[in-house]
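This report considers how side chains are packed and paired in the structure shown here, beginning with the nonpolar interior and then turning to charged pairs.

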Amino acid sequence: MSKKWKILSKINDEEFSKFPDINQTILQLLYNRNINTQEKIDEFFNADYIGDIYDPYILSDMKSAINRIYQALKNKENVLVYGDYDADGVTSSVLLVDILDFIGIKAEVYIPSRETEGYGLNMDSVGEIIKNKYNLVITCDCGISNFQEVSEFNKHNVDVIITDHHKEPEKLPKAYAIIHAGLKREKYPCKNLAGVGIAYKLACGILKSDLCHLSDDEIHRKAKWLLDLVAIGSITDMVPLVGENRTLVKYGLLVLPQTKRLGLQQLYEISGTNVERINSYTIGFQIGPRLNAAGRMGHANTAFELLKTNNLETAIEISRELNISNTKRQDVTSKTVSEAKSQIDYVDENTRYIWVFNKDWNLGIIGLVAGKLSQEYYRPVFVLGYDGENCVCSCRGIDEVDLMEIITKFSDKLIRFGGHKSAAGFSIKEENIEHVKNIIQGELDKKLDGLELSPSFYIDTKINFSEIDWKLWDYLEKFEPYGMENNRPKFLTENCIVKEIQYLGKDKTHLKITLEKDKIIKKAVGFSMVNKFSGLEVGNSIDIIFEIDINEWNGNRSLELYIVDLKINA
């Protein structure tokens, strides 16, 4: 499906005049990211751990939660951390177990099975926790939608502290404390922390408590060593990397090369990670997928153990296991995408959503399948599998649709549900499927009426080849770490002449073209783009969208354009 090109609004002369010392291209990039005051610019380029991290006690239930935790310590109570099976949930679980252990609480951890239990608290696990006489349960990356389960805990005098970041339901659980920056009641400045970010705020609250008896230097030192986990969870969960999230991740990326976690060190080695250049891409495409593979292809306990172990042999063994699981995950995902596509007859302007279902599909990868289908067809996608008793659905959305808003319209027919605007999931009895599909159709007919559904490339700014130099690159490096709401900048140069075309790679699927514009020559590379631009010829005039990066080869460094899309001019 071809994508629309949309150039973001150009900054006006008045805005330019406020910052005469900043390169105009860089100022445009900042403006595109809503960084339009000196204070915001300073925070963005000069993230400061002391100055830019908010006090955890701004969160309304923080004091109650901390007092309850120290009460558990004093009374030697049984404490359980209840996590989630994705990388955000696993890093959250490890972080909370670490900090509780630091103050003297030997907490147990429970991470549900994606395949048999699904997301969040469930009545079977609640029953087991009550049976095993835990006094305090601390959730991480889940719990905000578990009203009934928390009520069951309350009946048996088990206190629950919820740490979560998912969308607020109509009715909050009656937990002992809820730590969630995104709730309507909260005045916390950063509303979109990841699950691990919320867990980190609880950890900071524990450290800052008068009951902890640490100096400020000791608090900061301990808190900073936890930021390796915060960076991994935040990047893999795709929270906006601006504001406090950016600061947490930026400092986390400094901690990651020095991490004391043997499991991470081994994961770097087996994934071919350059420890000296760990960035958001490294986490998103090398570390994160391998941690997530545990929960998708087996049980997330494996990833938890990797991040917790102090035994080198165990770290080596688990990292190899996760690497194999990740390869299997890629193969199974590819096969399932093909099977899902066989259920899609066609997609036209009247197609509001895609719904595919196979009881044999691996529940660990249906979310990935939904994401790939949503990207290809640009429609909300619902991919269903079966857990042996009920149907389980992973959904992925598009810019025009809030999935959770739609799901709440039929939540009374669901066993459990949760998620965000663009990614969600639920469990449902098979007999309720047709009813739910009718509601989805009706809601999307209303929301998408008259809209042309087509994905878009958002272009930061037009640029001339003469502006692409090492000075510009020095500025661009300061935009790292890239992520949601701070994507790698995309530039447009029009009317370039194709001077040379090369086909690279073992299968000759990669494209390398030499371009000329205003007598300046630039090289541009497009990975797996030979078939996409098969009509390209030497002498063509093209418009090209690209990102700028460094090509390093045999000790030489050069700036290279990485093709995002191009159009051949008539």
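The largest nonpolar core, a core being a set of buried Ala, Val, Leu, Ile, Met, Phe, Trp, Tyr and Cys residues joined through side-chain atoms within 4.5 Å, has 96 residues, and those with the most contacts inside it are Ile-69, Leu-95, Leu-100, Tyr-200 and Leu-291. A second, separate core holds 41 residues, including Ile-22, Leu-29, Leu-511 and Met-529. The model is predicted, so that local features need pLDDT of at least 70 and side-chain atom pairs count only at pLDDT 80 or more, whereas totals for chains, interfaces and linings use all residues. Residues are numbered from 1 along each chain as its sequence is written, and side-chain values use heavy atoms, with hydrogens and water left out.

Salt bridges, defined as a side-chain nitrogen of Lys or Arg within 4 Å of a carboxyl oxygen of Asp or Glu, number 28. Three of them are tabulated here.

| Pair | Closest N to O distance |
|---|---|
| Lys-208 and Asp-55 | 3.4 Å |
| Lys-167 and Asp-402 | 3.1 Å |
| Lys-335 and Glu-339 | 2.6 Å |

Lys-335 and Glu-339 both lie in helix H16 (residues 312-341), 4 residues apart, with helices taken as DSSP runs of H or I of at least four residues, numbered from the N terminus. Lys-335 is exposed at 54% relative accessible area, while Glu-339 is partly exposed at 25%; buried means under 20%, exposed over 50% and partly exposed in between, for a 1.4 Å probe and protein chains only. Elsewhere, salt bridges that share partners join Asp-98, Asp-228, Arg-261 and Lys-308 into one network.

Key
Helices (H or I, at least four residues) and strands (E, at least two) are DSSP runs, numbered from the N terminus.
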